[in-house]
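Good morning, everyone, and thank you for making time for this. Please have the display open in front of you, as I will be pointing to places on it while I speak.

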2 protein chains.
Amino acid sequence: MRKGDATRVRILDEATRQVAVRGLTAASLGDVAEAVGLSKSGLFKHFESKEAMQLAVIDRVQERFSDFVWREAEPLAPGRARLEKIFDRWLDWSESEWDDHGCPLMALSVELDDQPGPLRDALQKGMLRWRRTLMREFQALTDPPLSEDQAAAAYFQMKSYLLGHSEARRLMGLPDARRSAQAAFHALLDRVGQAQP
Amino acid sequence: MRKGDATRVRILDEATRQVAVRGLTAASLGDVAEAVGLSKSGLFKHFESKEAMQLAVIDRVQERFSDFVWREAEPLAPGRARLEKIFDRWLDWSESEWDDHGCPLMALSVELDDQPGPLRDALQKGMLRWRRTLMREFQALTDPPLSEDQAAAAYFQMKSYLLGHSEARRLMGLPDARRSAQAAFHALLDRVGQAQP
DNA sequence: ACAGAAAGTGACCGATCGTGCTCTTTCAGC
DNA sequence: GCTGAAAGAGCACGATCGGTCACTTTCTGT
């Protein structure tokens, strides 16, 4: 039962990479199986259907995201330095963690935002959870803490800059996308910090 | 030769709507043909291949975007009011112009950003052109005009808020996404205006 | 070491895809 | 109104997809 788990993870990570490139639907079971050195039918011993695999991919990539971004920033004390660390790690994740194929979560977001169902629900749930975490992080930035609305507004801008970074770098091919995003985010932190001194 | 052109446009607009929902690759010729009341082979009298149709879709949707957003703001004098109009129309376009299926250009951006070729090039070209236009718009906001870098930074944030708006509204289901985007954009205009009084 | 479960293979099915073919209908220019 | 081209229909093709089944190989717990 242990070898199966290792194979399962290999499948999921390879599937995630293909999802980042071609999309969740276009990533075919045959291609994923071949890439991990498996037959297509061998794949079905780990997932009873394609949708089951897609669901597992969504869970797995969110878990990896959390490991990559949050676990790195967690030891820092709440505050500006921790938020900067999170933002930087998020940029790293988006730029280089998936063989320069971009953040799979953003690809999933756009692909699933129009298709109700368990896949969309799973992704939305994780994203809302992550949003709550970051809102609390923003609230810990000032004394007295930011209101719910202020924290939501700060998160909205932070997430926007990350989406903008991805678009500017990947589609538009702008070389200073990362700098633009960092500059915008630092200015946001300044604004938030000044609002309640 | 005139009836053919009308059919061609009907095909493209229907194809665009399906692209916004399912994606460029997943939008099948058969479904598009059926929705327009055509046979699949009848479609091939207008486009020699699927890729040719996809290319035409990309051109057409950018043309429609320009009509919807720019033509409406053009009569206004360059300045803050015009930029606000552009932003509002862009939000309208993203929210309701495609039967609540979101902005097709954003779907295209994420789907094509990892697939080099003529489709990506066509999209990128239009997007870069639109970026130049908006950068000039920002520069006309102050006296003396903003530098190239400042205008690029302002455009980056504007585009980011629009991406953020789409994500917040469509995937996350946040009801006040539009308000968040507008608030962030107005604050951006304030900042730009204050920088050089 | 052995038995049973887990992991993996290969052949195959039905559906759907893009596309080419032949044929018919419809339209536009003289 | 006639004629040729444009517009469209119907069919069939090869490829690819997700999925099933019977079978073999490999591993794991006792």
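I will go through how the two protein chains meet, then the two DNA strands, and finally a few details of the backbone. Please keep in mind throughout that this is a predicted model.

Let me begin with the two chains. If you take chain A and turn it by 180 degrees, with 0.0 Å of shift along the axis, it superposes on chain B with an RMSD of 0.0 Å, and that is the relation of a two-fold axis. To find the axis on your screen, look for A:Ser160, whose C-alpha, at 2.3 Å, comes closest to it among the residues of chain A.

Where the chains touch, 39 residues of chain A are in contact with 39 residues of chain B. Because 100% of the interface residues of chain A are also interface residues in chain B, the copies meet through the same surface. The area buried between chain A and chain B comes to about 3,200 Å², and carbon and sulfur atoms give 62% of that. On the side of chain A, the residues that lose the most area to chain B are A:Phe156, A:Leu171 and A:Met172, which together make up 23% of what that side buries.

The interface also has its polar and charged part. Between chain A and chain B there are six salt bridges, and one of them you can look up for yourselves, since the side chains of A:Asp113 and B:Arg170 meet at 3.1 Å, taken from N to O. Polar contacts across the interface of chain A and chain B amount to 16 residue pairs, counting pairs with both residues at pLDDT 80 or more.

Which helices of chain A build the side that touches chain B? At least two residues each are supplied by α1, by α6 (104-112), by α7 (118-139), by α8 (148-171) and by α9 (177-195), and the largest share, 13 residues, comes from α8(A). Sorted by class, the residues of that side are 19 nonpolar, ten polar and ten charged.

Now let us turn to the DNA, taking strand D before strand C. Around DNA strand D there are 20 residues, and the closest of them, A:Lys50, B:Gly4, B:Ser39, B:Ser41 and B:His46, are drawn from chain A and chain B. Of the atoms of DNA strand D that come within 4 Å of the protein, sugar and phosphate account for 50%.

Some single contacts make this easier to picture. A:Ser28 has a side-chain N or O atom 3.5 Å from a phosphate oxygen of DNA strand D, and B:Thr7 places a polar side-chain atom 3.4 Å from a phosphate oxygen of that strand. A:Lys40, by contrast, has a polar side-chain atom 3.0 Å from a base nitrogen of DNA strand D. Among the helices, α1(B) gives the most to the surface near DNA strand D, with three residues, and the classes on that surface are five nonpolar, ten polar and five charged.

For DNA strand C, there are 19 residues around the strand, and those that come nearest are A:Gly4, A:Ser39, A:Ser41, A:His46 and B:Lys50. Sugar and phosphate make up 42% of the atoms of DNA strand C within 4 Å of the protein. Backbone atoms take part here, as A:Ser39 has a backbone N or O atom 2.8 Å from a phosphate oxygen of DNA strand C, while a polar backbone atom of B:Leu29 is 3.0 Å from a phosphate oxygen of that strand. A:Lys45 reaches a base instead, with a side-chain N or O atom 3.1 Å from a base oxygen of DNA strand C. The helix that gives the most to this surface is α1(A), with three residues.

I will finish with the backbone. Most residues other than glycine have a negative phi, and most peptide bonds are trans. The bond joining A:Asp143 and A:Pro144, however, is cis, with omega about 5 degrees, and A:Pro144 sits in the loop between α7 and α8 of chain A. In chain B, the peptide bond from B:Asp143 to B:Pro144 is also cis, with omega near 0 degrees. As for phi, B:Asp99 has a positive value, near 55 degrees, and this residue lies in the loop between α5 (80-96) and α6 (104-112) of chain B.

How values were computed. Residues are numbered from 1 along each chain as its sequence is written. Chains are lettered from A and ligands numbered from 1 in the order in which they are written. This is a predicted model: local features need pLDDT of at least 70, side-chain atom pairs count only at pLDDT 80 or more; totals for chains, interfaces and linings use all residues. Side-chain values use heavy atoms; hydrogens and water are left out. A residue is near a molecule or strand if one of its heavy atoms lies within 4 Å of it. A polar contact is a pair of N or O atoms within 3.5 Å; within protein, one must be able to donate a hydrogen and the other to accept it, and residues adjacent in sequence count only if both atoms are side-chain atoms. Helices (H or I, at least four residues) and strands (E, at least two) are DSSP runs, numbered from the N terminus. Ala, Val, Leu, Ile, Met, Phe, Trp, Tyr, Cys and Pro count as nonpolar, Asp, Glu, Lys and Arg as charged, and the others, Gly among them, as polar. Copies are superposed by least squares on the C-alpha atoms of residues with pLDDT of at least 70 in both. Contact means heavy atoms within 4.5 Å. Buried area is the accessible area (1.4 Å probe) that two parts lose on being put together, summed over both. A salt bridge is a side-chain nitrogen of Lys or Arg within 4 Å of a carboxyl oxygen of Asp or Glu.
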